Every structure is written in C-alpha cells, then in structure tokens.
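Notebook open, and the structure is up on the screen. I'm jotting down what I look up as I go.

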Amino acid sequence: GVFRGSLKVVEPFLESFKVFEFDYRASFVFAKEKARFKKSGMLIADMDLMIASISISNDCVLVTNNMKHFQRVNGLKLWK
C-alpha cells in the first residue's frame, strides 16, 4: 500500500542518523538535573529533560526552536 512505498523512501533517510539511547550516563544527568529543578521550583517536562540528558551525556548539540525552555538545563549545548 501507500505506507510501504513511503517506507522505501524514508528508511534510507533515517539510516543516516545515529540514534542515542537513554542509558546509564543519560539517566545520571537526568536525575541530577531533575533534583536541581525540583529544588528551585522550576518545571521541565520529563521527556524534554530526557532529550536534554541524552544530548549532554553524548556531548551533542541539541537543535531546537525552544531555546527559552532548554537553556535552563545545565551543560546543554544548544543551536537554533
């Protein structure tokens, strides 16, 4: 069907990306930042903090349009 045809186009494109997991290092960054946010009363969605933690633990730059939101995460490199 239509979906199978779309996969043939999308799969080669997706293969060019490296996928990072939420591993031990990322979970450590997550826990540290989550505690800091809780202590200060600031809020950030867990999924966003997971994305930021994965980026930090893999020494990556996070590309986002939400600079205001993500710039609160310590050690996160951002690019808009």
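Is D23 buried, partly exposed or exposed? I looked it up in this predicted model: D23 has a relative accessible area of 28%, so it counts as partly exposed, falling between the 20% and 50% cut-offs.

**Entry: salt bridges.** I counted 4 salt bridges. I wrote up three pairs in detail.

D23 pairs with R25, side chain to side chain, at 3.8 Å from N to O. R25 is partly exposed too, with a relative accessible area of 44%.

Next I checked R36 and E33, whose side chains form a salt bridge at 2.7 Å, N to O. Both sit in helix 2, 3 residues apart, which is about one turn of the helix. I noted that E33 is buried because its relative accessibility is 3%, whereas R36 comes out as partly exposed at 25%.

Then I went to K77 and D59, which meet in a salt bridge at 2.4 Å, N to O. This pair ties together distant parts of the chain, 18 residues apart: K77 is in strand 2 (residues 77-79), and D59 is in the loop between helix 3 and strand 1. K77 is partly exposed at 40% relative accessible area, while D59 is exposed at 55%.

**Entry: helix 3.** D59 follows helix 3 and has a positive phi, near 55°, so I went back along the chain to the helix itself. How far apart are the end C-alpha atoms of helix 3? I got 16 Å, and that agrees with the 16 Å expected for 12 residues (46-57) at 1.5 Å a residue.

I listed its buried residues as L49, A52, S53, I54, S55 and S57. They pack against helix 2 (24-40), strand 1 (61-63) and helix 4 (67-70).

**Entry: S57.** I picked S57 out of helix 3 for a closer look. S57 is buried, with a relative accessible area of 12%. Its side chain makes a polar contact with the side chain of N58 at 3.4 Å. Setting aside neighbours within four places in sequence, I found S57 in contact with D23, R25, A26 and V29. That list includes both partners of the D23 and R25 salt bridge.

**Entry: surface patch.** Last, I looked for nonpolar surface. V9, V10, F13, L14 and F17 form a nonpolar patch there, with about 520 Å² of accessible area together. I checked F13 on its own: it lies in helix 1 (residues 2-14), and it counts as exposed because its relative accessibility is 53%.

Notes
Residues numbered from 1 in each chain as written. Predicted model: local features only at pLDDT ≥ 70, side-chain atom pairs only at ≥ 80, totals over all residues. Heavy atoms only, no water. Patch = residues over 30% accessible without salt bridge, like charges linked within 9 Å, V, L, I, M, F, W, Y side chains within 5 Å. Areas by Shrake-Rupley, 256 points an atom, 1.4 Å probe, with all protein chains shown as cover. Helix = DSSP H or I, 4+ residues; strand = E, 2+ residues; numbered from the N terminus. Buried < 20%, exposed > 50% of the residue type's maximum accessible area, 1.4 Å probe, protein only. Expected span 1.5 Å × (residues − 1). Contact = heavy atoms within 4.5 Å. Polar contact = N/O pair within 3.5 Å; in protein donor to acceptor, adjacent residues only side chain to side chain.
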